[in-house]
Amino acid sequence: MAGSRFTDARTLAHFPELVEFTPDRAPRVRLAFFGMAMVAASTALFLLPAVPLAGINILAVLGWVGLAFFIPATTYAVVRAVQPHVALRLAPEGLTDGSSMSAVGFVPWQRVSGVGTTEISGSRLVGIYLDDPDAFIAGLDPVRRIAARTNLRMFGSPVWISANGLPPADDLAALIDVYRRGWVLHGQAAPRPTNA
């Protein structure tokens, strides 16, 4: 996708108006089965003999922590495995991120100041940099707001797209940047009608 980095307006004008990426089903099914196995393993910790430490059964604590994490994550993974979903949508007005449980949803191009990639916890992710991250975060629902604030504080942007099951992160970032630059060249120049 090296051509997608061109700044030639003619290249931008020929891109489709809407691109949607849906990840393969096999990785989603594997993730759902992994989650179910982890729920079973967390439950099995309650059946083992107690391992006391300072009067607390360590295995029971680990079991509760495992269940607290893996039950919601596995529920999400199972729903995503059985229902096809769009992980990323690129349109003339903006992008919609549905790539993970903490995805922020719709991001209009006028808020996007740049696109890049970075390695986070062994995975290459696409970062969407915003001109006013705090204003964007304020418009999110409470659950997405927490995830976006955490991403901003830890990684410098509230929007990180997982390329798991999608094209490689560098190619995805280049395509997203083409759409962003297409909006800069064409979208913002077009006057919008106003209601009197």
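In which strand does Gly127 lie? Gly127 lies in strand β8. The model that places it there is predicted, and this glycine makes a good starting point for a tour.

Gly127 has 0% relative accessibility. Buried means under 20%, so the residue counts as buried. What surrounds it? Beyond its neighbours within four places in sequence, Gly127 is in contact with Gly114, Val115, Gly116, Val159 and Trp160. Opposite Gly127, in β9, stands Trp160. Pro158 is 31 residues from Gly127 in sequence, yet the two C-alpha atoms are 8.2 Å apart in space.

The strands around β8 come next. β7 covers residues 112–120 and β8 covers residues 123–130. The two pair in the antiparallel sense over eight bridges. One pair of bridge partners is Thr117 and Val126, the latter in β8. β7 and β8 form a hairpin, with two residues between them. In that turn, Ser121 has a positive phi of about 55°.

β8 also pairs with β9, residues 159–162. This pairing is antiparallel too, and it runs over four bridges. Here Ile128 has Val159 of β9 as its bridge partner. The side chains of β9 split two ways: Val159 and Ile161 point one way, Trp160 and Ser162 the other. All four residues are buried.

A separate topic is the open sheet. Its four strands run in the order β1-β4-β5-β6, with antiparallel pairing. β1 (19–21) and β6 (105–108) stand at the edges. Each has a single partner strand, so one side of each is left without a neighbour in the sheet. On average, neighbouring strands of this sheet are turned by 10° against each other, direction ignored. Within the sheet, β5 (residues 94–97) and β6 pair in the antiparallel sense over four bridges. Leu95 stands opposite Val107 in β6.

Now the helices. α2 spans residues 25–44, 20 residues in total. From its first C-alpha to its last, α2 reaches 29 Å. That is close to the 28 Å expected at 1.5 Å a residue. Which residues of α2 are buried? They are Arg28, Ala32, Gly35, Val39 and Ser42. Seen down the axis of α2, these residues fall within an arc of 85°, so they line one face of the helix. The spacing fits a general rule. An α-helix has 3.6 residues a turn, so residues three or four places apart point the same way. The buried residues of α2 pack against α3 (58–82). The face turned away from the buried side carries Arg30 and Phe33, both exposed.

How far should the reader trust these details? The protein averages a pLDDT of 82, and 86% of the residues score at least 70. Among its elements, helix α4 (residues 133–138) has the highest mean pLDDT, 95. Helix α1 (residues 9–13) has the lowest, 43. Over residues 1–14, pLDDT stays under 50. The model still has 23 contacts beyond four places in sequence for this stretch. Residues 189–196 also stay under 50, and for them the model has one such contact. Where pLDDT is low, the predicted coordinates should not be read in detail.

Terms used: Residues numbered from 1 in each chain as written. Predicted model: local features only at pLDDT ≥ 70, side-chain atom pairs only at ≥ 80, totals over all residues. Heavy atoms only, no water. Pairing = 2+ DSSP bridges. pLDDT = per-residue confidence, 0-100. Contact = heavy atoms within 4.5 Å. Expected span 1.5 Å × (residues − 1). Buried < 20%, exposed > 50% of the residue type's maximum accessible area, 1.4 Å probe, protein only. Arc of directions from axis to C-beta. Axes fitted to C-alpha atoms, helices over the stretch in contact; angles between N-to-C directions.
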